[in-house]
Structures are given as structure tokens and as C-alpha cells.
Amino acid sequence: MQTLAHKRGPLLGRRYETERLRELIGAARTGRGGALVVRGEAGIGKSTLLTYAEGAASGFRVLRAGGSQLEAELPFAALHQLCLPVLGFLPELPAEQGRALRAAFDLATGTGAPDVFRAALATLGLLTAAGQERPVLCVVDDAHWLDAASAKALAFLARRVSAEPVAMVVAVRVPHEAGYPAGGGLDALPGLRVDGLSDAEARALLAAQSHETLDEQVRDRLVAEARGNPLALLALPRAGGFAPAELTSPPVGPPMAPLVGPPVSPPMAPPAAPPVGPPVTPAAGPLTAPPAAPPVGPPVTPAAAPPSAAVPTRVGHEFRATLSALPAQARLLLTIASADPTGDPGLLWPAARGLDIDLAAAGAAATATGLVEFGTRVRFFHPLARTAAYDAAGADERRLAHRVLAEVTDPVADPDRRAWHRAQAAAVPDEEVAAELERSASRARARGGAVATAAFLERAAELSLDAVRRIERTLAAVRAHLDAGATDRAAALLTTTEGAGPDAFQEAEADLLRGRIALVRADDNEGPTWMLRAARRLAALDPERSRECYLEALETSLLVGRPNGVMDVVLAEAKSAPPHPPDILDALEDLATKGHRAAVPLIKEALDGAEGSLWPRHPALAIVLAAELWDPDTHMRIIEWLLKNGRESGSPLVLRLGLAQAASAAALAGDLDEAMAAIAEEEAIADAVGGPPMFYHRLQLAAMRGRRGEAVALFDAVMGTVTAMGQVVANVHWAKSVLHNGLGEYQEALAAARRATAGGDLFTAGFTLPELVEAAVRCGERPAAVAALESLTERTEACATPSGLGVAAYTRGLVTGEEGDYREAIARLTDTTMLPYRARAHLLYGEWLRRQGRRQDCRPQLRTAHELFSGAGLEAFARRAADELRATGESARSRTAHARDQLTMQELHIARLVATGATSKEVAARLFLSPRTVDTHLRNIYRKLGINSRRQLRDHQDLRPAG
């Protein structure tokens, strides 16, 4: 029917919508892909528009998928539906991507747990390969019921197909169903809102779909009650809302096929006996997780529900009215069918026969309603019809349906679905079923199905007889919800443990989970507080675990930007702990009370143990402590460990942390190309996973680069975010102090440096002290300079690294005016990686010499400073050195254009990767792009650099790897 409607012309009342779809498909036909999310209430015609898109995409390969309310916890189910027709292209993918997709779809053993974003990237590769033969249209219906993994993967794809001959059309119901995600990132994509038909269009639709002429009063009543909803217009008359005699007047003219609305298939009677042979495997692929529990009880319509919400509810009521008139056995057959999301007659008929249902009579009566058809698959007229069939049954009937479905489900081939049906059949707690669900949760976790894991564990907790086991399973379900990103659900479930009598260990675990929930909520800063509470609970029961909780509280406070108050509490409480081997908490206590000389040996011990030390347990804290020691070598070892583990594990969080720190280290080393490349890769991963922005590395790059406009805009943007507090603010002020010192704006630099050091933050305060000293000296505020120098000297002498001692030496020269201090600084910094600070030593020494009237001596120092600053792209300090040189009568050499000045961060990263010999596929995998997109970037790179080949890119001086 929908195809016929498309052939006749535009859909009734949908000119704008169909035009948008044709534009999307036309662009994909020329290689400019895109996505469109069709949003609207139930029955408004979203599926019809998807069918229209399929008809308009002549010559396209059409891939279809759909969400299911009863399979919303099945990981990768919808993605598997979409990819199934193009799995033949799997051999064309890089080996790692192929393994990721096989793991996601359970197509191979021993491939490890699937990773959503590697699977999404592999899917992009499949679509790209398929698109080389002919354009691809991806059609996804009922996306509000997508499993979480598929929703994330599809959102990723939608943001990555712009350079591919791929169009994506996704239908999402709004408002979203209670308890279901808002689209897993799909909500941020370009949208098309579908509203109701006008009264004139509604009358035209009624006339087109009816074989008889409706009574005028009945027609007007239908139009008024349907409120422009096509499903209501088509379903209300046939669902029992009107008596047959009310509906008709004598027919006028031949019948017409309807132009809008869901298809109505002719009734098909079920077989008299169950089909012979194996059951039909659903298109979603092998099952490793159960469906979600269907809603229990009739839907509750709010007293002041808007008309758009009331219409689908009215349709549902009419469906239930039709069902209530059926014979008991027909209602029971429909209940069983509605409880089985696979639509597999190989399960339905044996289950029904187990209850001695007369299949022929019950099937005929159910089919006569027009709400369901029985064939090779059991199909309901609309998702609302399935829900109505389930809701219309009593609780006992629903449990009976699940019991017989469990009995006919293969316990070997499909143990998880069987466990889920058994759970839904249980009226009282049942430890045997709870344990079976727990085993299903373990299998789901191994496949990366965090949502399924949470659903199994939550139901297992409900069925647990023992209170302790119930709390254990509830806490495990909370952890799984957090892993799945369902923060609100995790928080709500955690409240059920309050006052439930958990033991002290469980109470501590609950507090830790509350802290982790707070950590991922942008507006909740109570995470460290909850973790401190957990540490206190465990102090007497498990001192070692308690100290780990204290460290977790401290690290969490670093991540949310509020370390100082938390550190004070941590150290005060940890001090009273029972005797224990010296650890990092003792080191931090010594740092706070005795200073760096007492604390540094313990900190070094904690950082020097490689993988067995602080790094894997608390990497963010380890990074901050390495920076506090002015120890770039240890900092780099931690970064390399993070990058290695992040790439091997596929953890976006670990990899992003490693890349952000790599960018910071590169900026502090004056390697702006490397910093920009690391930022580009971190941004690509953040975009792929929809993660919150990280600021530190961008601030450090902006400070070192010294472009006032870009830097100030970034500072303002960061300060305007909800996370701008504590250490984030301190980092902004450090960056401002560096920028203004480079620009020679010393009053502004001094004000910023004072703000950056006021909180005494680890790393930030210490790194700001040299900026404070220089700005204070230039502003004539010697007492402030002397005090800051004393603090810096205490730190750097205790750490005794060449970098720290070198920076302290030139800072001391600013205060003492001793030439030897500048010479010492240059000598100590010569062999370090910290180029900006080495160049600062030459600059300050040259400035001092010029002010001493030693013009000939100062020129080599200023010249060296300018060459170092200019070559690295540290523009503010380079101009300052050039100005000093001009004051001696010598002009600074003009800097030649660099690739980084002409390319975006992403283009620079791609160019550097290709210059090392990486293929487009390898670059694409690293940056979560398609090879075709990489090739598009390469064409832009060639144009900007005035070259035309990969060989010339490899030979480009600015892109050669260091060393």
C-alpha cells in the first residue's frame, strides 16, 4: 500500500517532509551523505515517511533496522539487523575492526568483549565498502526503543557519513516512552518534526481509505477525535470505536488506497498444528540478552495530558476494547504472542498448545480483529496493538504466558531469553531463577551488554530471598547501569538500598557508587563527599580499602576541580589511621605539613614502580604528582602507559586522558605540532563517544602559542562552563599569566598568577610561580617576587630535576640580578625537553645583558631565544625576543610559514600520520573516520600546502617526525 502511495505522488499533507527526504537522498546519490531524524507522536506517520524514502531511493541498497520495546536490552540487536545484508564486506575491513564487529554480533568466539565505537567504526567501513557499488540508504524505525549499543553506534555513523554515499533516516517517537533512553545521541542530529494533518487532509484520508462513504457526522467526530493523527483516523473505526451501522452512507465512486498510515495486511489464519522444523531465527541475530520487561497494567493518562499525548492513548483504549470482546482462548493466544518479542511462530504455537488452546478457532478470532497477522512471523498492526494485547491481560495471564514461553525456549541455544521468561513468570521471590538471571548477566557483560547486564541483575535482585544477596545484586545492577550511562536509573535504583539493612561493606560500596554517580553529573559536586564517607565506614573494617577510598575521593576532587578542601579532609582523617606501610597518603600528608623535602622521596617511590604502582589505580593523581615534581620524564612514561593501555583496551576514557596529557606535555615542551595532533585525536574520540570536553591541554597550547584573540576566546569559553571551578579556574589563570608575560603585559600577568597560586593546587601553583616572579619583578613588587622564589626553590631543590632546577635558576636571576644564575639555567635546561623554558632562559639572560649595556653579548642570547620561540611557533615570546633584538640594532629573522599555520588541527594530524607512511584506512581507524573522509581531508591538505602527492607530504620539512 505504501509503495502504491509513493507511485501516485507525494503523500497527503507531507510535501515539506518528502522534499527534505528527497534532498537527503539526492545528496547521498552524489556522495554527500547525511542523516535525518523523523520525530513525532505514535501513529503520526513516521513509518510511512520511511517507506516513502525507500521508494524514492531508486538504485540504492536499502538497509533496514528497528528498535523493539521488548528487546531494548539486547546489545547490538538493531545494528546487526542493519549490517546483516552487507556482512559480506567484512573481509575488506582492517583486522581489528572485523574482530570488533564479530564480537558485537557474536559471530566468532575468543574475540573478547565488543567495543561500541570500534564496532561503529567497523560498521562505517561496511557502509563505505557497500557504497562503492551503489549508494546506501539506512532506514531505522522505532529508534526510541533501540538498544543502547546500537543507538550509540548509529549516532556515531550519522556524524561520520558526510563524505559517503550514505543516507540515514531514523524515526523516533516523541515524547519518549517512560523508562527508555532519549535516543542515545540521536537527539542531537538534524531533525524533521512530523505534526498532525489538517482537518481537510484528515477528511481526504478518510475518504481515500474507505470502501464506503462515511456518515458525515461520524466523519466529523473521527476527525475531531483523531486530531490529525493518521493512525487514529485509520484505526478508530476498525478498533471498535463505532458501530458498523454508524459508519456508512451509500458508497460513492470506486474505492481508493489510502495515502497515509500504516499498512493493513489481509488476515492470515494460523496453522492447525505447530510448524515442522527448526524455529525461525529472528533478524536481530543470536540472542545473548532478554527483552525488557513489558509494561504492566494499563497506561495512565495524566489529568491534563496534551491532545497529542491523548490520541495514542485513545487508540490504545480502543484496541483494548476490541480485545476484551474476544473469546478467552483468543485473548490468551494474543497475550502469549505479545509476550514474545521475536515473533517466532516456532515458539508461539508450541506454547499455545501447551495450554490446550484451540489454535484454529483462537487464531481465526484474533486475526479477525485486524490487530495481528500470523505467518512466517507474528506481526502486530502497530506497536500500540502489541502493548494493548499485553496490557489487556491480567497479571496471572501474563505470568502464565511467560511460563509456557520459558518451557518451549531452548535452554542451551537461548538460555538468557528462557531465564527472562522464567523471571517474568515468577510471582514471588525465587532464588533459583535469581541465580539463573545472575548467570545471564555474566554472559551479557562478557559481550559488552551493560544495559542487558543491568536488567538481568535488577530483576535478579527483585527475586532474591536473602536480604544480603538482594543488596549485592542491586549494587551490581547500579554499577552496570553506570557502565551503560544510565545515571538517573542507577541513582534511582541505589535509593532502594537505603534502610534495607546492608552490612557495613555494602554501605561503603553504596557510598562509593553515589560518589561515582555525582562525578558524571555536571551539576553535582558531592562525589568526593560520598567517597570520603565510604572511606570512613571502612576505616575499622578494611584499612587498606579505606585508604584506597580516600585516594579515590582525592582523585575525584581533582577531576571535578575541587581538590583543596577534600585534600585537607583526606589528610586529616588518614593521619589517624592504624599503623601501615608508608604510602602515597603519607607522602601527601608530609607535603602539606613538612614540605617538599620530606614528601618527595615517598612520591618518587610511588611513581617509580611502573605498572605496579600508582599509575593503573589512580592515573590522574599520578600525572599531577609527576608534574608537581617538575619531572617530565616520569610524566612521559605515565602518558605512554596510558596511551598503550587505552589503545589496547579500547577504553575511550583512558585513551582521552592519555591524549590530553600527551598534548599538555607537548605544549610544555614547545612541540605545538604534536600538541595539536594529540588534541585533534582526543577531540575525535570525544566526538565519537559524546564525551564532555577536556580543557587543560587546550589551555596549555593556547598559553604557549601566544595568540591573544584565540587564547582569550578560549579562556572566556572555559570560564563560562558549569565545570569552571577550583583547579579548572586555576589552570585558566596560569594560562593567562603565561600569555600576558609573553605579550609583555606584566600587570595582567601578575594578577592572573596570584589567582592561580591562591589555592595552592598541586602542579598548577608550582608551575605558576616562575610567572609570578617575573611579573612581580617587572611591576616592581619585590616582596611578592622574593616570597614566590622561596617557594619555588623549596620545591625544585627537593625534586632535584634538571628542568625544575633550571627554571628556578633563571627565576632567581630575575630577583638577584646575578649573571651566574642565568648561565646555570641555560646549562641545566640545555638537555631537557622543555624548550619554552630553555628559550625563556636565553631571553631573560639577553634582556639582562642589554640592560647592563652589554649590547654585543646580549645579541647571541636574544637571537637564540628568537630562533627557538619562532621555530616552535611560540608567537608572543618570539615577538618579545624580536623587539629586544631590534632595540640592540639587529633585526630578527622573519619566520617562514609553517604547516600548522595553514592547516586545522585535524588536517595537521592527518598530514603527520600520512607523512609517516600511514594509509587512509589506518588514519581513519585512529581518528574514527572513514577512509573516504580522510581522502577528502588529504585533498584539502594538498591544496593548502601546494603539493599533490603523498610522497611530497612525506618529504615536507614541517611534517617530518622529530629525530
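Leaving out neighbours within four places in sequence, Ala 756 is in contact with Ala 730, His 733, Trp 734, Asp 761, Thr 764, Ala 765 and Thr 768. The model you are looking at is predicted, and this alanine is a good place to enter it. Ala 756 belongs to helix H37, which covers residues 746-758. Its relative accessible area is 0%. Because buried is defined as under 20% relative accessible area, Ala 756 counts as buried. A little further along the chain comes Leu 769, 13 residues from Ala 756 in sequence, with 9.1 Å between the two C-alpha atoms.

One of those contacts, Trp 734, leads us to the nonpolar interior. The largest nonpolar core has 198 residues, and the members that touch the most others are Leu 607, Trp 734, Tyr 837 and Leu 953. Helix H6 (residues 116-131) supplies the largest share of this core, with 11 residues. Apart from this core lies another one, of 35 residues, which includes Ala 337, Ala 351, Ala 388 and Ala 401. In soluble globular proteins, nonpolar side chains tend to be buried together.

To see what one such hub looks like, pick Leu 953. Residues up to four places away in sequence aside, Leu 953 touches Ala 911, Val 914, Ala 915, Leu 938, Ile 941, Tyr 942, Leu 945, Ile 947 and Leu 959.

Another hub, Tyr 837, brings us to the aromatic rings. The structure holds 11 aromatic pairs. In one of them, Phe 763 and Phe 767 have their ring centres 4.8 Å apart and their planes at 55°, a tilted arrangement. Phe 869 and Phe 877 make a stacked pair, because their planes are at 20°, with 5.3 Å from centre to centre; the limit for stacking is under 30 degrees. Phe 763 and Phe 767 are both buried, and Phe 869 and Phe 877 are both buried as well. Ring pairs also join Phe 763 and Phe 767 with Trp 630 and Tyr 837 in a cluster.

Rings meet charges here too. The charged end of Arg 514 sits over the ring of Trp 530, at 5.3 Å from the ring centre. Likewise, the charged end of Arg 778 sits over the ring of Tyr 746, at 5.8 Å from the centre.

Next, consider a polar side chain in the interior. His 596 lies in helix H28, residues 596-608, and is buried, with a relative accessible area of 6%. What does the side chain of His 596 join through a polar contact? The partner is the side chain of Glu 628, at 2.7 Å. Setting aside residues up to four places away in sequence, His 596 touches Leu 591, Glu 628, Glu 794, Arg 795 and Ala 798.

The cysteines deserve a quick look. The structure holds zero disulfides. Cys 799 is buried at 1% relative accessible area, and Cys 858 is buried at 0%.

Ala 688 shows how distant parts of the chain come together. Ala 688 is found in helix H33 (residues 672-689) and is buried, with a relative accessible area of 3%. Although 240 residues separate Ala 688 from Phe 928 in sequence, their C-alpha atoms are 7.0 Å apart. Beyond residues up to four places away in sequence, Ala 688 touches Phe 117, Phe 156, Arg 159, Arg 160 and Phe 928.

Helix H34 follows, spanning residues 696-705. Nine of its 10 residues are buried, so helix H34 is largely enclosed by the rest of the structure. Not only nonpolar side chains are involved: the buried residues of H34 include His 697, Arg 698, Gln 700 and Arg 705, along with Leu 699, Leu 701, Ala 702, Ala 703 and Met 704. After H34 comes Gly 706, with a positive phi near 80°.

Finally, step back to the whole chain. The secondary structure comes to 49 helices and nine strands. Of the 963 residues in the protein chain, 57% are buried. Among contacts with a separation of 6 or more, 70% are between residues 24 or more positions apart. The pairing of Ala 688 with Phe 928, 240 residues apart in sequence, is one you can find in the model.

How values were computed
Residues numbered from 1 in each chain as written. Heavy atoms only, no water. Core = buried A, V, L, I, M, F, W, Y, C linked by side-chain atoms within 4.5 Å. Buried < 20%, exposed > 50% of the residue type's maximum accessible area, 1.4 Å probe, protein only. Helix = DSSP H or I, 4+ residues; strand = E, 2+ residues; numbered from the N terminus. Contact = heavy atoms within 4.5 Å. Phe/Tyr/Trp six-rings, centres within 6.5 Å; stacked < 30°, edge-to-face > 60°. Lys NZ or Arg CZ within 6 Å of the ring centre and 35° of its normal. Disulfide = S-S within 2.5 Å. Polar contact = N/O pair within 3.5 Å; in protein donor to acceptor, adjacent residues only side chain to side chain.
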